[in-house]
Amino acid sequence: MNVFVKVFRFYYEGFRSMTLGKTLWIIILIKLFIMFAILKIFFFPNFLSSKADNDKGKSEYIVNEMEKRAVKP
Amino acid sequence: MEDLVLWSRAQFALTAMYHWLFVPLTLGLGVIIGIVETIYYKTKKEQWKTITKFWMRLFGVNFAIGVATGLILEFQFGTNWSNYSWFVGDIFGAPLAIEGIMAFFLESTFIAIMFFGWNKVSKGFHLTATWLTVFGASISALWILIANAWMQYPIGMTFNPDTVRNEMTNFWAVALSPIAMNKVFHTVLSCWVVGAAACIGVSSWFLLKKRHIDLAKKSIKIAAPIGIIAILLTIYTGDGSAYHVAQKQPMKLAAMEGLYRGQTQAPLIALGILKPEEKIKQNDKNPFYLNIQIPYVLSFLGYRNIDAFVPGINDILDGAYPTQDGHIPLSAKEKMASGKIALQALSDYRTAKKEGNIYKAETSLQTLNANYANFGYGFITEESQLIPSVPITFYAFRFMVIVGTFFLFLFGLMWYLGYKKKPYENYKLLNWLCIAGVPLAYMVSQSGWVVAEVGRQPWVIQDLMPTYSAISSLQTSSVITTFIIFCLLFTILLIAELKIMFKQINKGF
């Protein structure tokens, strides 16, 4: 039998015969959905990307931030 | 801004501590499962398979609920800690990428064989998969801990003023720094302590309930020696950690010991009650209401010399003390002045570059490089900002050491009783103590992180970046909102885990 078919069957039968695993997978999927589809998109955008489009602009932004927060000599 | 720093720190601490509820059990229980399955492989006795499968089930629940909780920390890097992420991205990127590629693939491939592979693959292949899962999880921790160690002791990089980033120049210096190696072993071994404590605690519950007595006793007989070896090595590597802290982060050591004025032949404070900060300011030579001291030990542990001078918090701020290599360190004020020069030089360099003034750019760069070691001090306005929370660091350290020592005796006793004719189940109080040991082991593990992370404040990266300059300019209210969301989400997940875990334990072997 083709090795890929064997691997597929191994996983397929493994997932089918799960009992406790099904509950755990449901929890994992709900968790991943909350994390990536809600938290990441609505609450955790990439902050620097919203300030500049490229690396040069980002480094400029960081320097400006540092200058603002530095103790004035 | 102060509120924003505090909420950003609180949010990160909450997420990291929640994530750390799962990691120790994964690493610790994994080793126990590997050993039990190895015994099954050698003896071919079904009862060892039953024991393996029971602990594997609990491992699976813990793994599933904990999986990806660490990713939330990475979300926070990009949103809440963008200055920090940019400043160190090149250093942090490499270990995290290796972790993602190596550990993720190792774990996700072999964990499937671990759970689906019984009777489908050979016993030897299954055992290999189990050990590779444990190995993968440990490798995953390795890279994260290397990254954390770099923040405590930045090494193997140069600062690029054009990109405003630290760039890795020596991967091996980062990966094999003595602080990183010590941290890796100390942390991973402490996870084995948690695993052993959990195994003994759950088994003790079965003994109290008079269920699966033989299998529970066998589990304890495996977990107790693992626990002893792990706690002894944790103590040994903990000593190594304290030694490195003395050399590289003396302020942290001073906070751990509540030491305000240093001394030669310094004693270790075994137990003590600190006075309030205001009272200590009036008389910094005696910061305790009462304490129990062990003479000479702090000097010896910190510098391997009982006559060594251990600087206190105020000595470090004043800078007027000789280090072990004979030089006098800069005072806080001198470092703050140097930091301001470094920041100004960075600004001058970039302006000169834009104007095409090569000479000025070159001289500014030289000034920056000469003062870069104190770069972070340029953000510090008052000396007091350089002192971490002494009570939190002091008490967390004592909790870790005292309860850690308790485990040495507990595991020792359980190992000893394993050789008696009617062991374990005759000692109900001891069984209850073992059950209480489960949450205690988690608390010890967490308190270790509290010492490491609170003790290094105000630094995100030692001497180079304080938390104040590392956070993004966000609205405090938005950080509070996500903090509350995390609280709710984590509480729900934790309840789910505990419920499933208790149900599985109740089902028995």
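B:M157 stands opposite B:M168 in β2(B), so let's start there, since pairing means that DSSP finds at least two bridges between two strands. Here strand β1 (residues 157-160) of chain B and strand β2 (residues 165-168) of chain B run antiparallel, joined by four bridges. Four residues sit between the strands of this hairpin, and among the hairpin's residues B:V164 takes a positive phi near 60°. As for the labels, helices (H or I, at least four residues) and strands (E, at least two) are DSSP runs, numbered from the N terminus.

A word on what you're looking at: this is a predicted model, where local features need pLDDT of at least 70 and side-chain atom pairs count only at pLDDT 80 or more, while totals for chains, interfaces and linings use all residues. Residues are numbered from 1 along each chain as its sequence is written, and chains are lettered from A and ligands numbered from 1 in the order in which they are written.

Zooming out, chain B has 19 helices and eight strands. Its C-alpha atoms fill a box of roughly 80 × 50 × 40 Å along the principal axes. The radius of gyration of chain B is 25 Å, which agrees with the value near 23 Å for a compact globule of 509 residues; the radius is taken over C-alpha atoms, and the globule rule is 2.2 Å times the number of residues to the power 0.38. Of the 509 residues of chain B, 47% count as buried. Burial goes by C-beta atoms placed from the backbone: a residue is buried if 20 or more others lie within 10 Å of its own, exposed if 12 or fewer, and partly exposed in between.

The domain assignment splits chain B into domain 1 (2-252 + 384-507), domain 2 (258-318) and domain 3 (332-382), with bounds that come from an automatic or database domain assignment. Taken over C-alpha atoms, the centres of domain 2 and domain 3 of chain B are separated by 35 Å.

Now for another strand pair. Strand β4 (residues 268-274) of chain B and β5(B) pair in the antiparallel sense over six bridges, and B:I269 stands opposite B:Q293 in β5(B). β5(B) is hardly covered, with zero buried residues among its seven. In the loop between β5 (288-294) and α12 (297-303) of chain B you'll find B:P295, which is exposed because it has 12 other C-beta atoms within 10 Å. B:Q265, in the loop between β3 (263-264) and β4 of chain B, has a positive phi near 50° despite being a residue other than glycine.

B:K44 is not a glycine either, yet its phi is positive at about 65°. This residue sits in the loop between α2 (23-43) and α3 of chain B, and it counts as exposed because 10 other C-beta atoms lie within 10 Å. There's also a cis peptide bond between B:Q457 and B:P458, with omega about 10°.

Finally, the contact between the chains takes 42 residues from chain B and 33 residues from chain A, where two residues are in contact if their C-beta atoms, placed from the backbone, lie within 7 Å. On the side of chain B that touches chain A, the largest share, seven residues, comes from α19(B). By class, that side has 23 nonpolar, 15 polar and four charged residues. Ala, Val, Leu, Ile, Met, Phe, Trp, Tyr, Cys and Pro count as nonpolar, Asp, Glu, Lys and Arg as charged, and the others, Gly among them, as polar. Chain A averages a pLDDT (the predictor's confidence in each residue, from 0 to 100) of 88.
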